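Reader: Please take a close look at one part of this model, the sheet and the charged side-chain pairs on it. I would like one connected account rather than a list.

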Amino acid sequence: MKLLLAALALLLAGCATPQEAPKPEEAFKFGGISMPASGKVLETKYERGIDVMYRVVLTLPAEDVPRLLEASGFAPGALKDDQLIDGRRVYREVTVDGTTVHLSLFTT
C-alpha cells in the first residue's frame, strides 16, 4: 500500500506544471490600480486558494506616488483601503520605501 501511494505521489508530482507568472496588468485590473507611466514593475506574484492575492513590486519616482494613489481611488493620505471591484471586495495595501512601492491586493 505504501509503495502504491509513493508511486502515485511521484506520478502526480511529475504531472504538475509550473504556474505561469501573472501579468502586472491583471493585478492592476484586479485591484483597480492606475499605474503612472513613470512606474516600472519589478515583480508580480499571484496566489490563489479560497482567496486571491496579487503582490506587485514597482519602482516609481517619489513625487508620483500620490498620483498613483489618487488615480487608483485611495482617499487622501490613505495607504490601505478596500474597494468593490467587479463585484468582489478587494483589500489594497501600499507600502512605500523610497522609490520602491509594494502593492498587496487581495480578497478575503
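Author: Start with Arg89, which at 39% relative accessibility counts as partly exposed. The model is a predicted one, and the value for Arg89 is computed from it. The side chain of Arg89 meets that of Asp82 in a salt bridge, with 2.9 Å from N to O. Asp82 is also partly exposed, at 35% relative accessibility. Partly exposed here covers the range between the cut-off for buried, under 20%, and that for exposed, over 50%, so both Asp82 and Arg89 fall in the middle class.

A second pair involves Asp81 and Arg92, whose side chains form a salt bridge at 2.8 Å, N to O. Asp81 belongs to strand β3 (residues 80-85) and Arg92 to strand β4 (residues 88-97), so this salt bridge ties together parts that are 11 residues apart in sequence. As for burial, Asp81 has a relative accessible area of 16% and is buried. Arg92 is buried too, with a relative accessibility of 1%. The contrast with the previous pair is in the class: Asp81 is buried, whereas Asp82 is partly exposed.

Now the sheet itself. It is an open sheet of 5 strands, ordered β1-β2-β5-β4-β3, with antiparallel pairing. The edges are taken by β1 (40-48) and β3, each of which has a single partner strand, so one side of each has no neighbour in the sheet. From one strand to the next, the twist averages 20°. Asp81 therefore sits in an edge strand, since Asp81 lies in β3 and β3 stands at an edge.

At the other edge, β1 runs antiparallel to strand β2 (residues 52-59), and 8 bridges join the two. One residue pairing can be named: Tyr46 has Tyr54, in β2, as its bridge partner.

A further salt bridge links Lys45 and Glu43, where the closest N and O atoms are 3.8 Å apart. The cut-off for a salt bridge is 4 Å, so the Lys45 and Glu43 pair is counted at 3.8 Å. Lys45 is partly exposed, with a relative accessible area of 46%, and Glu43 is partly exposed at 38%. Across the whole structure, the search finds 4 salt bridges; the pairs described here are among them.

Finally, a helix packs on this sheet. Helix α2 (residues 24-31) lies across β1, β2, β3, β4 and β5 (100-106). Its direction is at about 115° to β2.

Technical notes:
Residues are numbered from 1 along each chain as its sequence is written. This is a predicted model: local features need pLDDT of at least 70, side-chain atom pairs count only at pLDDT 80 or more; totals for chains, interfaces and linings use all residues. Side-chain values use heavy atoms; hydrogens and water are left out. Buried means under 20% relative accessible area, exposed over 50%, partly exposed in between (1.4 Å probe, protein chains only). Helices (H or I, at least four residues) and strands (E, at least two) are DSSP runs, numbered from the N terminus. Two strands pair if DSSP finds at least two bridges between them. Axes are lines fitted to C-alpha atoms, for helices over the stretch in contact, and angles run from 0 to 180 degrees between N-to-C directions. Contact means heavy atoms within 4.5 Å.
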